[in-house]
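Me: Please go through this two-chain structure with me by question and answer. I would like the numbers and the cut-offs behind them.

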Amino acid sequence: MTAGPKKLDARALRADFPIFLQEIHGKPLAYLDSANSSQKPRQVLDAMTAFYETSYANVHRAVHVLGERATAGLEGAREKVRAFLNAPDAREVIFVRNATEALNLVAYSWGGNNLGPGDAVVVTQLEHHSNFVPWQYIARRNGAAFVMLPLDEHDEVDFSGLDAIAQDHNVKVVATNLVSNSLGTIADLGPLVRWAHDLGAIFVCDAAQAAPHMRVDIQALDCDFLAISGHKMCGPSGIGALWGRGDLLRAMEPFMLGGHMINSVRYEKTTWGELPHKFEAGTSPIVEAVGLGAAVDYLEAAGLDAIEAYEHELAAYALGRLGEVPGITLYGPPAERRAGVVSFNLEGIHPHDVAQILDRQGVAIRAGHHCCQPLMHKLGVAATNRASFYLYTLPEEIDQLAEGLHTVRKVFA
Amino acid sequence: MNEFEQMYREVILDHYKNPRGHGVLEHADAEAEGQNPLCGDEVSIYVAFGEDGETIDEVKFSGRGCAISQAATSMLTEMVQGRSASEVAMLDKDELLAEIGIPLTPVRLKCAVLWLTTLKVALHKAKGTPLPDGLAGFDELELL
């Protein structure tokens, strides 16, 4: 280990991101929508281009040298993701399109075959729809209960109902996020994981919003499944990963069927391939996986601890600056317990209008329900504005946002 | 402020702050609910017909949306008054967009026309008038 914590140099990192070379509406680009999707460093783009130009072929089946290079590229990326998440075995890392697909895979292949009447799936009111709707659907389809842990008056998950839930149901699945995409809340999952395991339930972790911003350690979390999306962590779109415990994955039915995922196919009977192939039907997103591997390298070089510390700083700064805007409501926990996400509303002004006027000032934020309608319902709003930060975000972008909000208020005065 | 005036004309802000036809019709002859899946806004539209059962006498809407959607709906309630259900069912969205009179990005275009669509769904349910293009067969659950 290196001596002393590494400090993040956002200004230096920002130079790696070609997107910032342009102006938007004649203004410098303040990209505060990284929780929606992150921008990509040249290192990732170059790795993908170089791979297409020198190493591209289909994987796993070609005998020729390009096929070997492509396979090495894909499997090398798998090993990088394994190490990034501290997973025990690279064969347990399944490449998928995104965290949504990863969570659907678990819901269908595990939930679809293990849930029945009397059983329950437990989620929280803070879930992204991707970790909510698939469980709601599979539970209903299989006659199992779907139970949502509500939020308390501080918009924190309320765990006071756990005993009653355990009494009423045979809890089979507990599924929740590590970092909330809407509020940025960093969850302390330890007690919930222990509760799930004491009941014999599996614990499914949606780490799509956590993996870009902090060290995610599968073995320390002690979860059973974990989902990430490449596009939120400097990687390309169209690639994500599911990690699952090997014994669970081996016992599961496949999710998608077709080429590559088989051991043998006869008219009478088809047998499934080994892990991870059983869950990777069809030609993989090969170059996207290579890009994800390059993104992992990039984040590791910057340092996950340094990224997390920097985002706490940005969150604290943003909460202070935005708190000065009259008529603002800020949602979510204190800065030290949140990733670089700040959701807010301006009194009497719809988020779409806020975001539109900010856009004219070069500021990109998200306005909407952030795929978290159960949370919006709790907050009593249809939508919020959300500014989100990453390792390339500069404090002056937050200044640009704060000034922009004053202009929004003038337009609607 | 000029560039923002272009985006949010005074008349739009006026309709936004003082929406015409905002409220509920207790004994509506036609009604429908609509959701904007992009921002989660929910609006209900209520229609009362005149004595001929065909001419739109009054339109009200409840729920709040962004300035564009609110202004568009407010303008719409004035625009369709006194027209027949079958005429409004075929109302070209461009007529509404001309009234709004500002350039809209693709996302905001949806904000502008969503409640026109909802109005057409209400008329469809009450009068069997045609559904708007693209909606037929897509939103069956909402229509039931």
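What follows is a set of questions on domains, sheets, the core and the chain contact.

Me: What kind of model is this, and how is it numbered?
Reply: Residues are numbered from 1 along each chain as its sequence is written, with chains lettered from A and ligands numbered from 1 in the order in which they are written. Local features need pLDDT of at least 70 and side-chain atom pairs count only at pLDDT 80 or more, while totals for chains, interfaces and linings use all residues, since this is a predicted model.

Me: What distance separates the centres of domain 1 and domain 2 of chain A?
Reply: Chain A is assigned domain 1 (10-37 + 303-411) and domain 2 (46-301); such bounds come from an automatic or database domain assignment. Taken over C-alpha atoms, the centres of these domains of chain A are separated by 28 Å.

Me: Which element gives the most to the side of domain 1 of chain A that touches domain 2 of chain A?
Reply: The contact takes 26 residues from domain 1 and 24 residues from domain 2 of chain A, two residues being in contact if their C-beta atoms, placed from the backbone, lie within 7 Å. On the domain 1 side, the elements giving two or more residues are helix H11 (304-323), E14 and H13 of chain A; helices (H or I, at least four residues) and strands (E, at least two) are DSSP runs, numbered from the N terminus. That side divides into 14 nonpolar, five polar and seven charged residues, where Ala, Val, Leu, Ile, Met, Phe, Trp, Tyr, Cys and Pro count as nonpolar, Asp, Glu, Lys and Arg as charged, and the others, Gly among them, as polar. The most, six residues, comes from H11(A).

Me: Why does the largest nonpolar core lie between the two domains of chain A?
Reply: A nonpolar core is a set of buried Ala, Val, Leu, Ile, Met, Phe, Trp, Tyr and Cys residues joined through C-beta atoms within 7 Å. The largest one has 166 residues, and those with the most contacts inside it include A:Val121, A:Ala241 and B:Ile45. Its largest share, eleven residues, comes from helix H10 (residues 286-302) of chain A. The core lies between the domains because residues are given to it by both domain 1 and domain 2 of chain A.

Me: Is strand E8 of chain A enclosed or open, and which residues cover its two faces?
Reply: A residue is buried if 20 or more other C-beta atoms lie within 10 Å of its own, exposed if 12 or fewer, and partly exposed in between, with C-beta atoms placed from the backbone. Five of the five residues of strand E8 (residues 202-206) of chain A are buried, so the strand is largely enclosed by the rest of the structure. The buried residues are A:Ile202, A:Val204 and A:Asp206 on one side, and A:Phe203 and A:Cys205 on the other.

Me: Which residue of E8(A) is the bridge partner of A:Thr176?
Reply: Strand E7 (residues 170-177) of chain A runs parallel to E8(A), joined by five bridges. Two strands pair if DSSP finds at least two bridges between them. The partner of A:Thr176 in E8(A) is A:Cys205.

Me: Which helix packs on the open sheet of four strands in chain A?
Reply: The strand order is E13-E14-E17-E16 (chain A), with antiparallel pairing. Strand E13 (328-331) and strand E16 (366-368) of chain A are the edge strands, each pairing on one side only. Touching E14 (341-346), E16 and E17 of chain A, and making about 160° with the direction of E16(A), is helix H12 (residues 351-359) of chain A; axes are lines fitted to C-alpha atoms, for helices over the stretch in contact, and angles run from 0 to 180 degrees between N-to-C directions.

Me: Which element gives the most to the side of chain A that touches chain B?
Reply: The contact takes 15 residues from chain A and 14 residues from chain B. By class, the chain A side has seven nonpolar, six polar and two charged residues. The most, five residues, comes from H12(A).

Me: Which residue in the turn between E2(B) and E3(B) has a positive phi?
Reply: In chain B, an open sheet of three strands has the order E1-E2-E3 and antiparallel pairing. E2(B) and E3(B) pair over six bridges, with B:Val47 opposite B:Val59 in E3(B). These two strands form a hairpin with six residues between them, and the turn residue with a positive phi, of about 70°, is B:Gly53.
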